[in-house]
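User: I'm new to reading protein structures. Please pick one part of this one and take me through it closely, then show me what else is around.

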Amino acid sequence: MLETVFSINKLSTGGSQQQRKLPFEYEKRCLLMWEEHCVECSPPYCYHHCLNYQKRADNRCVRLLGGIQKISETSGSFPYGFICEFRKWAKLEAQYVSHPVGDRAYLFAEKANAFLSRFFLGVANLTRKLFPNYGPYSRFTRYKNYALSHWVIKNEPFDVLYIDCRLCQKEQVQLLVQINNTDKILFSQIFTLKEGDNQISIDISHIQPNQAGTYIFITPMNEETNTRIVFSWLDLFKLKKQEAEQPADKVKVVVWDLDNTLWKGTIVNDSNVIVNKEAVSVIKELDKRGILNTISSKNDFQPAFDKLVEFGLQDYFLCPAINWGQKSQNIKEIAKRLNLGVNSFAFIDDNIREREEVKTALPMVRVYDEQNLQSLLERDEFDVPVSETSQKRRLSYMQEVSRQQFAENYSDDYEAFLRHLEMELTVFPVSKDNERRCYELVSRSNQLNLSTNRYSEVEFRQLLSRDDVLAYAFSCKDKFGDYGIIAFMSIQQERNSGRILDFVISCRVAKKKVESAIITSLHEVLRPYHINSLQALLVKTKKNGPLAEVFHELPFDVVSENEHQTIYELSDLEHIPDEGILKILNHSDV
């Protein structure tokens, strides 16, 4: 609910409306009451002394120019959006009390609040001579907030604070989002809003509701001039429960603690810590196998990183998170930066409390103590196929960091960024030289895996030896380096058509138009076999949703679909569009 009674405009009707959709599914929303306030407010004294005071209809201060105004051009929480033009020091604020409600109750509460607010404000206007301080409306507001704070409260925390908004008439603004109670600040972070649409999703599952004086507020930072923001969503959500995610079959990333794990001792108490040679040995062996290493450690960054440099280990760790934050949050952030599923992570820590925190927050992450580290290498989840490419995996991810930094120069034109990468895709038949890497791709890939077939090495060789199966590997490189072999495809030939049996792509090239270039390359590759059309069966799993998105962007038609699988068809290989972003080479051209 929002305090719109002081809005200077009426909701317009007609015209086109942009419906802003949520990126997740939810069970309930929290019934919040968003009101305009001031970060420097001390009423009623500031009404007489503050130079920024402007009189509102109820004699209080105008914080948002024109109040919280409804707008019909967008919709989200409601069939309309809200314009907020923040004056200096203005903020939107709501008390965080747990009221989980469904959509119908939420919309009813908004309508009831709007009607009652207008009614009591009207009564206050009619009785101004008796109640010059707008007593009827003030009492209604007081009783409403009391009811929200004390009635029908449930002890259910929410999962996400989601903000979908549009910044108007400014290139960039810093937005502070803060949650605090009477004792301490529970959450505080500054987000950069850019002109146009912005989405902010904040994990608040660790914040307990119903604590005395817990408030959420948002405010533009250090803005001397008015800041105009249109909100579509400004809500707390309880997400739909998903089935517990299981750890992946194979570990791709190991997250290391530092104190009393990577080294013996605690660096805060004694800088002369001694490196754990067993841990170093395991780290180097994991690196040889293509399993990445990273860090989540509660320490000050610089002295801890300096110690890594002293031990000569700094290059083994990608995206190290050395800070005082929750280790589960660090792991999620590292997974996002590496573009890997959290369920492929393992975590090693000597502290049982830290291990339990990660187990509770991320049950799909494998967790180990620091004892007998060498035995980890003998476990099935660390037994992965090793190829020449896997031994260079850390280097390839370091190159990807350089690409991400380069991409920041093209934040508003992703296609221009891709073109400036100068990517080349090479396609060639699978042979003895590269079959090990292809087998590794099939064994390790989850998100970009068409059929999710899992073969033993013997079964994989049998597949490659079949007379009716064509098998191809795809490599990619750009101006920053060579990705190596990044995709594998097997096609069963059926007269003039082909059926894709396996199609797996490395996550490292996801969303770089490599998928489209692979399909485009098939035109020339399959011409000698007189294959004019292709069919593909996507087996739906919890993990390979990203590949389903890829197929929707490719020139395939959906033949049939149900909850378990989708059958795609490409009827004419002769007319596949080439976006021209990647240069496509056959092995004979190299």
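Analyst: Let's start with the whole chain: its secondary structure comes to 13 helices and 27 strands (both are DSSP runs, H or I over at least four residues for helices and E over at least two for strands, numbered from the N terminus). Keep in mind that this is a predicted model, where local features need pLDDT of at least 70 and side-chain atom pairs count only at pLDDT 80 or more, while totals for chains, interfaces and linings use all residues. Residues are numbered from 1 along each chain as its sequence is written, and side-chain values use heavy atoms, with hydrogens and water left out.

The C-alpha atoms fit a box of roughly 95 × 65 × 40 Å along the principal axes. Out of 590 residues, 52% are buried (buried is under 20% relative accessible area, exposed is over 50%, and partly exposed lies in between, with a 1.4 Å probe and protein chains only). Take the contacts (heavy atoms within 4.5 Å) between residues at least 6 apart in sequence: 74% of them link residues at least 24 apart.

Now for the close look. The part I'd pick is an open sheet of 5 strands, which you can trace in the order E17-E16-E13-E18-E19, with parallel pairing (two strands pair if DSSP finds at least two bridges between them). At the edges sit E17 (321-323) and E19 (366-368), each pairing on one side only. Go from strand to neighbouring strand and the average turn is 20°, direction ignored (angles run from 0 to 180 degrees between N-to-C directions, and axes are lines fitted to C-alpha atoms, for helices over the stretch in contact). Zoom in on E18, residues 345-348: 3 bridges tie E18 to E19, and the two run parallel. Within that pair, Ile348 faces Tyr368 of E19.

Helix H6 (residues 327-338) packs on this sheet, where H6 touches E13 (253-256), E16 (292-298), E17 and E18. The direction of H6 makes about 150° with that of E16. H6 has a helix partner too: H6 and H7 (residues 352-361) pack at about 55°, their axes 8 Å apart. That makes the two helices, H6 and H7, oblique to each other (under 35 degrees is roughly parallel, over 145 roughly antiparallel, 65 to 115 roughly perpendicular, and the rest oblique). On the H6 side you'll find Lys327, Ser328 and Ile331, which meet Glu354, Glu357, Val358 and Ala361 of H7. Sorted by class, that contact has 3 nonpolar, 1 polar and 3 charged residues (Ala, Val, Leu, Ile, Met, Phe, Trp, Tyr, Cys and Pro are nonpolar, Asp, Glu, Lys and Arg are charged, and the others, Gly among them, are polar).

For another helix pair, try H2 (103-126) and H3 (135-150): they pack at about 150°, with axes 7 Å apart. H2 and H3 are therefore roughly antiparallel. Among the residues in contact are Leu116 and Phe120 of H2 and Tyr137 and Phe140 of H3. The mix here is 8 nonpolar, 2 polar and 1 charged.

Next, strand E6 (81-86). In a regular strand, side chains alternate between the two faces of the sheet. In E6 both faces are covered: Gly81, Ile83 and Glu85 are buried on one side, and Phe82, Cys84 and Phe86 are buried on the other. E6 pairs antiparallel with E4 (69-71) over 3 bridges, where Ile71 stands opposite Gly81. E6 also runs antiparallel to E12 (227-239), joined by 5 bridges, and Phe86 has Thr227 as its bridge partner there.

Just along from E6, the loop between E6 and E7 (90-95) holds Trp89. Trp89 isn't a glycine, yet its phi is positive, near 75°. With 32% relative accessible area, Trp89 is partly exposed.

Finally, the inside. In the largest nonpolar core, which has 46 residues, Phe474, Ile486, Leu526 and Leu534 touch the most other members (a core is a set of buried Ala, Val, Leu, Ile, Met, Phe, Trp, Tyr and Cys residues joined through side-chain atoms within 4.5 Å). Helix H12 (514-526) gives this core its largest share, 7 residues. Leaving out neighbours within four places in sequence, Leu526 is in contact with Leu470, Tyr472, Ile491, Ile531, Leu534 and Leu573. There's also a second, separate core of 45 residues, including Cys84, Ile163, Phe187 and Ile200.
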